[in-house]
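Me: Can you walk me through the aromatic rings in this one? I'll ask as we go.
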Amino acid sequence: MFHRNSKIVLTVLIFAAAVWQFTENNIGNGIFLILVALIPLALYFRNEFILLAFLQMRKQNFPGAQKWLSKIKNPETALIRKQQGYYNYLQGLMVSQTNLNQAEKFFKKAIELGLNMDMDLAVAKLNLAGIALSRRRKMEATNLINEVKKLDKQGMLKEQISMMKEQLKRI
């Protein structure tokens, strides 16, 4: 994995080679190099290992997703802020099966760093509400569930929200 700044340097170098090709009247080579320069630039904003981990999550392959996430050695230096949020979000999803304390930390950090999509934010807050419910923190769980309702514009989490409300009534 390349450091995030090395991706920018690589993009600039490839783009400089493209400009050089244009000055040598090799227009086809220059266009091709500009297209190649877009790859590391895109990977600067969308980390390749996070994308592969999401692909494994979509297939319900949690060990495969964990394998890709483990390849990111130092997320603070290798990832930009939003990618760090998604890194923590995915780690929280992985750990929530086994360790609720650690999962809570990952989800809170993911929310703090920010997630691009409202649905991802809603799922993170819904998981935090479930953790709060398991620890009998009714007020925190109620607040989180209300935030999830606001974020869930497509209504994909209605069933989970209603299950959480039923559990809230039992506390």
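Reply: Sure, one term before we start: buried means under 20% relative accessible area, exposed over 50%, and partly exposed in between (1.4 Å probe, protein chains only). This is a predicted model, where local features need pLDDT of at least 70, side-chain atom pairs count only at pLDDT 80 or more, and totals for chains, interfaces and linings use all residues. Residues are numbered from 1 along each chain as its sequence is written, and side-chain values use heavy atoms, leaving out hydrogens and water.

Me: How many aromatic pairs are there in the whole structure?
Reply: The search finds five. Rings of Phe, Tyr and Trp (its six-membered ring) pair if their centres lie within 6.5 Å; planes under 30 degrees apart count as stacked, over 60 as edge-to-face and the rest as tilted. Y44 and F45 are edge-to-face, because their centres are 5.0 Å apart and their planes at 90 degrees.

Me: Is F45 buried, exposed or partly exposed?
Reply: F45 is partly exposed, at 45% relative accessible area, while Y44 is buried at 17%.

Me: OK, what about Y86 and Y89?
Reply: Edge-to-face, since the ring centres are 6.1 Å apart with planes at 85 degrees. Y86 is buried at 9%, and Y89 is buried at 5%.

Me: Which rings join Y86 and Y89 in a cluster?
Reply: F54 and F107; ring pairs link them with Y86 and Y89.

Me: Switching topic: what sits over the ring of W68?
Reply: The charged end of K67, 4.8 Å from the ring centre. That call needs NZ of Lys or CZ of Arg within 6 Å of the ring centre and within 35 degrees of the ring normal.
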